[in-house]
Amino acid sequence: MHSFEYKGGVLHCEGVNLDELVNETGSPVYVYSKATILDHYRRLSAGMSELDCLICYATKANSNLAILNLLAKEGSGFDIVSGGELYRVEKAGGDPGKCTFAGVGKTREEIEMALDAGILSFNAESEAEVEFINQVAGEKGVIAPIALRVNPNVDAKTHKYISTGKSENKFGIDFSIIREAYERASKLPHIKVQGLQMHIGSQLTSIGPFEEAVKKVVPLVEELKERYGIEFFSIGGGMGIVYTDSLASGVGQWWDKKEEKPLTIEEYASTLVPLLKPLDLKIILEPGRFMVGNAGIMITEVLYEKRGSAKTFKIVDAGMNDLIRPALYEGHHDIVPVKEPSSFATEPVDIVGPVCESGDFFAQNRELPEIQAGDRIAILSAGAYGFVMASNYNTRRFPPEVLVDGEKSHIIRPRQSYEDLVSAEVIPD
Ligand code: LLP
């Protein structure tokens, strides 16, 4: 579900009028719906309830403390990829004992931090990493819980930058050598082999690749359970969301909608639960985008219109530094005016930002209703990999983030100040 809809001709998030909100916060601004995030968490949890299942939210998708706190209070665990994310999770009240630590390049400092915090598991991505974790744990006189990440060599059929489960990707340990890797890891004195992990990619819109990967890996998990007594199998994240009919609830019918079929929890659960249940192990999921993607939007204001011989550009006050997905992955985000258009007429436009790069666009040749300078537009499905991938490029300030809860809105991060931008910098004498 999502909670963005027109009411009385103005886009709302839950009970909050977004035009009025932007009058207060200024533009651009990220807005998240608490109800949507909770709905996604609870429905996924319920869908998997036949299993002993732990959801470890992929912190990287949206790591604002308020969002992490929301999920921590629901009992969620967290999948982290850095010391910084562990720091955030702890600050937000998350339980380190429910944290898995992914990533191909964990540093000594991060490993020490995670050992001190008592995380659930290091999801190790190479044998060299396992040996290093063993060494660091040995120096501390502790035992490190680990899972190995297997690369099952399954095509996730997603964008090449977010596909991770093929042999040519840098992630995980090759399926063909994973048994030997377990054997060696199990002999290390400061390592306890606790589980097996995999993650084949992100924004998967069909169940096929998940099913193929789980079917391929389940026999291995059975073997590892038997041989080393592993306790969990993490099937990673990757559940895709719909980016093209985000306001499908009868409003915003003016644009050319592609019929994108969402991968539903029902389909995910009904296919995977029967394959996983016989293992009788803890099953970990690491959803990121699914949890927060459709729960957030970015609102930006149109500054200027420029009509060229080839194109019409609408220049907005947000840039690729605020939301990089279109530039980096040619990611599609639906765009709707904050004030519901009175006419169904559309024209093809490019929505571009102020950054000095040709890649600085949010839409190209997109049929949109008439929008003029001063109008506000909402870039939808921006809750995941939106703000977290923002940068200060062009010395532009981070936009604020707002969490809506019913009729109330909370600024969960104010707009950065110019002082913030330079406060850590030093001019030597
Ligand atoms: N687990 C691991 C080990 C991961 O690497 C990732 C995402 C996830 C879980 C969560 O995947 P999700 O459920 O969100 O698909 N910035 C890109 C996506 C990068 C995903 C990286 N890894 C984008 O904007 O599309």
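**View 1. Pro28 and its cis peptide bond.** Pro28 sits in the loop between helix H1 (18-25) and strand S4 (29-33). This is a predicted model, and in it the peptide bond joining Ser27 and Pro28 is cis. Omega for that bond comes out at about -5°.

**View 2. Glu14 and its positive phi.** Glu14 is also a loop residue, found between strand S2 (10-13) and strand S3 (16-17). Look at its backbone here: phi of Glu14 is near 50°. That's a positive value in a residue other than glycine.

**View 3. Two domains, side by side.** The domain assignment splits the protein chain into domain 1 (34-293) and domain 2 (295-415). Take the centres over C-alpha atoms, and domain 1 and domain 2 are 30 Å apart. Where they meet, 29 residues of domain 1 are in contact with 29 residues of domain 2. About 2500 Å² of area is buried between domain 1 and domain 2, and carbon and sulfur atoms give 60% of that area.

**View 4. Polar links across the domain boundary.** How many salt bridges are counted between domain 1 and domain 2? The count is one. Zoom in on Lys34 and Asp405 for a salt bridge whose closest N and O atoms are 3.3 Å apart. Polar contacts add to the picture, with eleven residue pairs counted between domain 1 and domain 2, both residues at pLDDT 80 or more. Which elements give two or more residues to the side of domain 1 that touches domain 2? They are helix H2 (34-47), helix H3 (65-73) and helix H10 (289-292). By class, that side of domain 1 has 15 nonpolar, nine polar and five charged residues.

**View 5. Around the ligand.** The ligand is surrounded by 19 residues, and the closest are Ser202, Glu286, Arg325, Tyr329 and Tyr385. For Ser202, an N or O atom in the side chain is 2.4 Å from an oxygen atom of the ligand. Lys60 also brings in its side chain, where an N or O atom is 3.3 Å from a ligand oxygen. With Arg289, look at the backbone: one of its polar backbone atoms is 2.8 Å from an oxygen atom of the ligand.

**View 6. The salt bridge of Arg149 and Glu125.** The salt bridge count comes to 23, and this close-up picks out the pair formed by Arg149 and Glu125. Their closest N and O atoms are 2.9 Å apart. Arg149 lies in strand S9 (residues 144-151), while Glu125 is in the loop between strand S8 (121-124) and helix H6 (127-140), so the salt bridge ties together parts that are 24 residues apart in sequence.

How values were computed: Residues are numbered from 1 along each chain as its sequence is written. This is a predicted model: local features need pLDDT of at least 70, side-chain atom pairs count only at pLDDT 80 or more; totals for chains, interfaces and linings use all residues. Side-chain values use heavy atoms; hydrogens and water are left out. Domain bounds come from an automatic or database domain assignment. Contact means heavy atoms within 4.5 Å. Buried area is the accessible area (1.4 Å probe) that two parts lose on being put together, summed over both. A salt bridge is a side-chain nitrogen of Lys or Arg within 4 Å of a carboxyl oxygen of Asp or Glu. A polar contact is a pair of N or O atoms within 3.5 Å; within protein, one must be able to donate a hydrogen and the other to accept it, and residues adjacent in sequence count only if both atoms are side-chain atoms. Helices (H or I, at least four residues) and strands (E, at least two) are DSSP runs, numbered from the N terminus. Ala, Val, Leu, Ile, Met, Phe, Trp, Tyr, Cys and Pro count as nonpolar, Asp, Glu, Lys and Arg as charged, and the others, Gly among them, as polar. A residue is near a molecule or strand if one of its heavy atoms lies within 4 Å of it.
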